[in-house]
Amino acid sequence: MKVLIVEDDPLHRSYLHEAVCSALPECDTVIEAENGIVGERLARDHKSAHIVMDLQMTTRNGIEAARTIWKERPDTRILFWSNYSDEAYVRGVSRIVPDGAAYGYVLKSASDERLKLALRSIFVESQCVIDREVRGLQQKSIGHANSLTDSEYEILVDIALGLTDRAIARRRSLSLRSVQNRLQQLYDKLDVYQAAADDQLDSRFNLRARAVTIALLRKLLNYNALERAEAELQDWLKEPK
């Protein structure tokens, strides 16, 4: 068995190396990558490698690296190991997991035993392992009355990128009325109108900007999510109209 560790912090890489060797005595090769770009290349070179992936790295984050790896080899097993349980990260991972893939999402605050159990469960038993805090966010994002649907989340991202209603309609293949309706639903779920009333800003209140601010404060959006969205937007802009 080969295991590839993709982590930009040397101390964390060393810790993961020891954890992998301890949890997986059948592992005969541990490969290390210091960022997502190197991780993609090594995953391509070592096709049978299972992967432990940090999410936030300065050079190509874990979600983008995993997206590329899964696109090339959808049966790759990946354990995401992160400091963050923000909804932006949870949604980002959920969007790219191939159907039937064995993967995990374990927080760095988890115990040594929890990490080792996750390593064996995913890489040996082909089971999915998601930390309780992350699982709660997943369930909230699909089941709570005030949670955003995928289409509402797309609208949120688009207004954060600065797109107009008409541009959003073109990009998402929606009517202008549908975009405006989803914006109203988004404002309702984010309590934008209530925030305006509480702050007594009345007509001086920019609803789009306030929605983005609330989303950032609630960690529905973060830098990596917006970085991915900007890259996707640039690809869309290059498409023939």
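## A walk through the model, starting at a pocket

About 200 Å³ of space lies in the second largest pocket of this structure. Please keep in mind as you read that the model is predicted. The pocket is a handy place to begin, since several of the residues around it come up again below.

Which residues line the second largest pocket? They are Gln56, Met57, Thr58, Thr59, Arg60, Asn61, Glu64, Tyr223, Asn224, Glu227, Arg228 and Ala231. Helix H12 gives the largest share of this lining, with five residues.

### Arg60 and its partners

One residue of the pocket lining, Arg60, deserves a visit of its own. Arg60 sits in the loop between E3 and H3. Its backbone shows a positive phi of about 60 degrees, although Arg60 is not a glycine. With a relative accessible area of 31%, Arg60 is partly exposed.

Which side chains make a polar contact with the side chain of Arg60? One is the side chain of Thr68, at 3.1 Å, and another is the side chain of Glu40, at 2.2 Å.

Let us take Thr68 next. This residue belongs to helix H3, which covers residues 62-72. Apart from neighbours within four places in sequence, Thr68 is in contact with Glu40, Arg44 and Arg60.

Glu40, in turn, is part of helix H2, made of residues 36-45. Is Glu40 buried or exposed? Its relative accessibility is 11%, so Glu40 counts as buried. Not counting residues up to four places away in sequence, Glu40 touches Arg60, Glu64, Ala65, Thr68 and Ile69. Glu64, like Arg60, also appears in the lining of the second largest pocket.

### Helices H2 and H8

Glu40 has company inside H2: the buried residues of this helix are Gly36, Val38, Gly39, Glu40, Leu42 and Ala43. What covers them? The cover includes strand E1 (2-6), strand E2 (29-33), E3 and H3. At the start of H2, a side-chain oxygen of Asn35 comes to within 3.0 Å of the backbone nitrogen of Ile37.

Further along the chain is helix H8, residues 165-172, where Asp165, Ala167, Ile168, Ala169 and Arg171 are buried. Here the cover includes helix H7 (150-160), helix H9 (176-189), helix H11 (207-217) and helix H12 (223-238). H12 is the helix that also gives the second largest pocket the largest share of its lining. Just after H8, Ser173 takes a positive phi of about 55 degrees.

Lys219 is another residue with a positive phi, about 65 degrees, although it is not a glycine. You will find Lys219 in the loop between H11 and H12. Lys219 counts as partly exposed because its relative accessibility is 44%.

The table gathers the positive phi angles met so far.

| Residue | Phi |
|---|---|
| Arg60 | about 60 degrees |
| Ser173 | about 55 degrees |
| Lys219 | about 65 degrees |

### What the UniProt record adds

UniProt places the feature "domain: Response regulatory" at residues 2-123, in an unreviewed entry. In the model, the end C-alpha atoms of that span lie 10 Å apart, and the span is 47% helix and 20% strand.

The unreviewed UniProt entry also carries the annotation "modified residue: 4-aspartylphosphate", which covers Asp54. Where is Asp54 found? It is in strand E3, residues 50-54. Asp54 is buried, with a relative accessible area of 4%. Leaving aside neighbours within four places in sequence, Asp54 is in contact with Val6, Glu7, Asp8, Gly62, Trp81, Ser82 and Lys108.

### Two cysteines without a bond

A disulfide is a covalent bond between the sulfur atoms of two cysteines. How many disulfides are there here? Counting pairs of cysteine sulfur atoms within 2.5 Å, the total comes to zero.

Why is there no bond at Cys21? The closest cysteine sulfur, in Cys27, is 6.1 Å from the sulfur of Cys21, which is too far for a bond. The view from Cys27 agrees, because its closest cysteine sulfur is that of Cys21, 6.1 Å away. As for their surroundings, Cys21 counts as partly exposed at 40% relative accessibility, whereas Cys27 counts as buried at 13%.

Terms used:
Residues are numbered from 1 along each chain as its sequence is written. This is a predicted model: local features need pLDDT of at least 70, side-chain atom pairs count only at pLDDT 80 or more; totals for chains, interfaces and linings use all residues. Side-chain values use heavy atoms; hydrogens and water are left out. UniProt positions are given in the numbering used here, feature names are shortened, and annotations may be inferred rather than shown by experiment. Helices (H or I, at least four residues) and strands (E, at least two) are DSSP runs, numbered from the N terminus. Buried means under 20% relative accessible area, exposed over 50%, partly exposed in between (1.4 Å probe, protein chains only). Contact means heavy atoms within 4.5 Å. A polar contact is a pair of N or O atoms within 3.5 Å; within protein, one must be able to donate a hydrogen and the other to accept it, and residues adjacent in sequence count only if both atoms are side-chain atoms. On a 1 Å grid over the protein atoms alone, a cavity is a set of points where a 1.4 Å probe fits but cannot get out, and a pocket is an open set with protein on both sides within 12 Å along at least five of seven lines; lining residues have an atom within 4 Å of a point. Grid points are joined across faces, edges and corners, and a volume is the space filled by probe spheres set on the points.
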